[in-house]
Amino acid sequence: MSRQLQKILMCLQQASLYDIKVFDQVLNQTITAALIHSTPTWNCLIRAYSRSPTPITAILIYNHFIKGRLILPDKYTYPAMLKACWRAGLLSKGKEVHAHVTKMGLDSDVYVGNALIQLYGTTGHVADACKLFDGMPQRDVASWNTLLGVYNDNSGSWVEVLVLFKRMMCEGVRGDYISMVIVFSACGKIGEGNFGKLVHGYVIKAGIEPALSLSNALLSVYTKCGEMHAAQGLFDKMAVMRDVVSYTILFNGYVDMGSVDSARGIFDRMRVKDRVSWNSMIHAYVKAKHPKQALDLFRKMEDEKVKPDETTMVSVLAACASLADLQYGRLIHWFMLRNNLRQDIFVGTALVDMYAKCGSMQEAMLTFYKMDSRDVFTWTAAIDGVANHGHGGDKALSMFSEMERQGIKPNEATFVSILMACSRSGLVQEGCLLFKRMVEAYQIQPKIEHLGCLLDMLSRAGLLQQAEEFIKLMPPGEKIIANKTLLSACINHLEGELGEKIANGLIELNSQSHATHILLSNFYALAGRWAEVAQTRRVMKETDTRKEPGISSVDIKT
C-alpha cells in the first residue's frame, strides 16, 4: 500500500463523522493521486459518507465505482452502501444494490445480511426483513440485534421484540448489552414490567456487564410501568455510574405518576437542569393543582438565568388561571412581550383561558380576536369564558356557529361549554338540538359531563319528568350524582311527589356523602316530615359524616 493511500486512510479514520470538508478533500486527493483502482480507499470513502449528514454522496461514489468496471466491490463495500441507502430513504436504490449483492454471491455473508435486514426494516418493510433473517445460513448476535431493533422501531411490532428474544434464548444465543437495551425499551413501551424484571434477572445470571446505557434502559422500564419503588432502588444502586439521563428518567417517572414531592426531590439533586427539566417540574405542579409552587419555581428559573420558552409560558399562565390571579397574569403577559417570546396558538389559547378564568372577559376576547390563527381549543376557551361570565347563551351560540363556519370541528370539551351556556341561559330547545347534533353529526359519544349539562338544563327549566326519564338512560355509576341534581331541583320547584321518589332511590343507592344527607334532610323538612329529618341527621352523626371544609382566599393590595 502506498504512503499516499496510507495517509488518506489515516485521515478518514481520524475525521469527525460530520467533517464533510475533510471527506471532500480526501475524495479529491483520491482522484488526483490516481488511487482510483484501490477498493479499500473507495470502501473507506463510502463508509465515511454513509455515516455523514450527506449519505447520498456515498451512493454517487458507488455509482462511479460500478460504472468504471475497473475493480469489483467486495463484502466490505455493501454494508456501508446499504446503510447509505436507508439513511437517504432510497429503498429503490437499496433494492438495486441487493440485486448486485445476489449477483456477486455475497448475500450469504453475515455482515451483508445484517445490512439488508436493516435496510428493509428501517424503510418499513418489516416482513421482508424477517424473511431475510429467517433465510440467513448463519447469524451472529448482531443479526438478532438488528431484527430486534427493527421490531422495536415499529410501533405495531413491540410485542415481537419479546417473542424474538424468547426465540433467541431457546436457540442458545447469548445476547449482549445491546440486545438487553432493545428488549428493555420494548418492555417500557408496552408496559411489561414483569417481563422487564425477568430480563433483569437474565442480565445478572448471564454476567452481562451493567453498562450505564443498560441500567438507564432498565430504569426507564420501571418508571414507564409505574414501578417507582423498583426504579428508586435501581437508581440508588447506580450511585457511582448514574448520569444526567438517569436523573431525567427517574424525574419524569415521578412527574408522570403525579408524585410532585418526589419529583422535586430528584429535580433539586440534578446537577444539570435544562429548560425541559424546568418546564416538566412547573407543569407537574400545575397538573397536581399546586399553582403557587409552580409560580415560585418559575421565579427561581428566572433567578438562575434559564430562558423560558412557549411551553413554560403555557404552564405559568395555567397556574395564574388556577389562582384567578389577574394581576400576576398581566405581568406574565407583559413579560412575554418585553422578552419577545413567540406567542403561538398554544400561548394565545392559554392567555384567553387565563383572562377568562380571572374574570376579565374584555381582555380575553381582545386577545382572542388579535390571534392570527385559532384552533378548537382556542374557541373552546373563549366559549367557556362566555358561558361562565353571564354573557348569555346567545353570545356563546353565536361563537359556536362562527367556529363551525370557519371549518373548525368542535370536540367533547367544546360541547360541554356550549351545553353549559344553554343550561345557564335557559335555552332548552337549543341545548337539546346541540346534544343531538353532537351524537349524530359529530359522532361524539356522550360522557358524564355532557349528560350532566343536559340534566341540569332540564332541571333548571322545571322539566323534571323529562329529567327523570333521562336519568334512566345513564350508567349506574353516575346515577347518584344525577339523582342528587334532580332532588335539588325538586326542592327548588316544590315537587314533593317526585322528590320523595328520588329520595327513596338515593337511600336504595346507599349514598353516604354529606351532600346527599343534607339534600335528604332539606327535602324532608320541606315536606314537613320531621321524623325523617331527625333520622337522617342521626345517621349523619352516627357515621360521622362531615362536610369537607371550604377554602377562601383574599388578595390584599398594598
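Residues count as exposed when their relative accessible area is over 50%, and as buried when it is under 20%. These terms are applied below to a predicted model.

The protein chain folds into 32 helices and zero strands. Buried residues account for 45% of its 558 residues. Of the contacts between residues at least 6 apart in sequence, 58% join residues at least 24 apart. The exposed surface of the protein chain comes to about 29400 Å². Carbon and sulfur atoms contribute 54% of that area.

Helix H12 spans residues 193-206. Its 14 residues reach 20 Å from the first C-alpha to the last, close to the 20 Å expected at 1.5 Å a residue. Five positions in H12 are buried: Gly193, Phe195, Gly196, Val199 and Val203. These residues lie on the same side of H12, because they cover an arc of only 150° around the axis. Asn194, Leu198, Ile204 and Lys205, on the other side of H12, are exposed. The cover over the buried residues of H12 includes helix H10 (158-170), helix H11 (177-190) and helix H13 (212-224). Gly207 follows H12 and has a positive phi, near 70°.

The largest nonpolar core contains 151 residues. Within this core, Phe184, Phe298 and Ile332 touch the most other members. Leaving aside residues up to four places away in sequence, Phe184 touches Gly196, Val199, His200, Val203, Leu214, Ala217, Leu218 and Val221. Three of these contacts, Gly196, Val199 and Val203, are among the buried residues of H12.

A one-sided pattern also appears in helix H16 (residues 260-269), where Val260, Ala263, Arg264, Ile266 and Phe267 are buried. They fall on the same side of H16, since their arc around the axis is only 165°. The buried residues of H16 pack against helix H14 (228-237), helix H15 (244-257), helix H17 (275-287) and helix H18 (291-303).

Thr312 is part of helix H19 (residues 310-323). Its relative accessible area is 1%, so Thr312 is buried. Outside residues up to four places away in sequence, Thr312 touches Asn279, Ile282, Phe298 and Met301. Phe298 is one of the core residues that touch the most other members.

The structure holds 16 salt bridges. Arg167 pairs with Asp134, the closest N and O atoms being 3.2 Å apart. Arg167 lies in helix H10 and Asp134 in helix H8 (residues 126-134), so this bridge ties together parts 33 residues apart in sequence. Both partners are partly exposed: Arg167 has a relative accessible area of 30%, and Asp134 has one of 40%. A network of salt bridges links Asp134, Arg139, Arg167 and Glu171.

A second bridge joins Lys197 to Glu227, with the closest N and O atoms 3.6 Å apart. Lys197 lies in helix H12 and Glu227 in the loop between H13 and H14, so the pair ties together parts that are 30 residues apart in sequence. Lys197 is partly exposed at 37% relative accessibility. Glu227 is partly exposed at 26%.

Asp309 forms a salt bridge with Arg275, and their closest N and O atoms are 3.4 Å apart. Asp309 sits in the loop between H18 and H19 and Arg275 in helix H17, so parts 34 residues apart in sequence are tied together. Asp309 is buried, with a relative accessible area of 16%, whereas Arg275 is partly exposed at 35% relative accessibility.

Conventions. Residues numbered from 1 in each chain as written. Predicted model: local features only at pLDDT ≥ 70, side-chain atom pairs only at ≥ 80, totals over all residues. Heavy atoms only, no water. Core = buried A, V, L, I, M, F, W, Y, C linked by side-chain atoms within 4.5 Å. Buried < 20%, exposed > 50% of the residue type's maximum accessible area, 1.4 Å probe, protein only. Contact = heavy atoms within 4.5 Å. Helix = DSSP H or I, 4+ residues; strand = E, 2+ residues; numbered from the N terminus. Arc of directions from axis to C-beta. Areas by Shrake-Rupley, 256 points an atom, 1.4 Å probe, with all protein chains shown as cover. Expected span 1.5 Å × (residues − 1). Salt bridge = Lys/Arg side-chain N within 4 Å of Asp/Glu carboxyl O.
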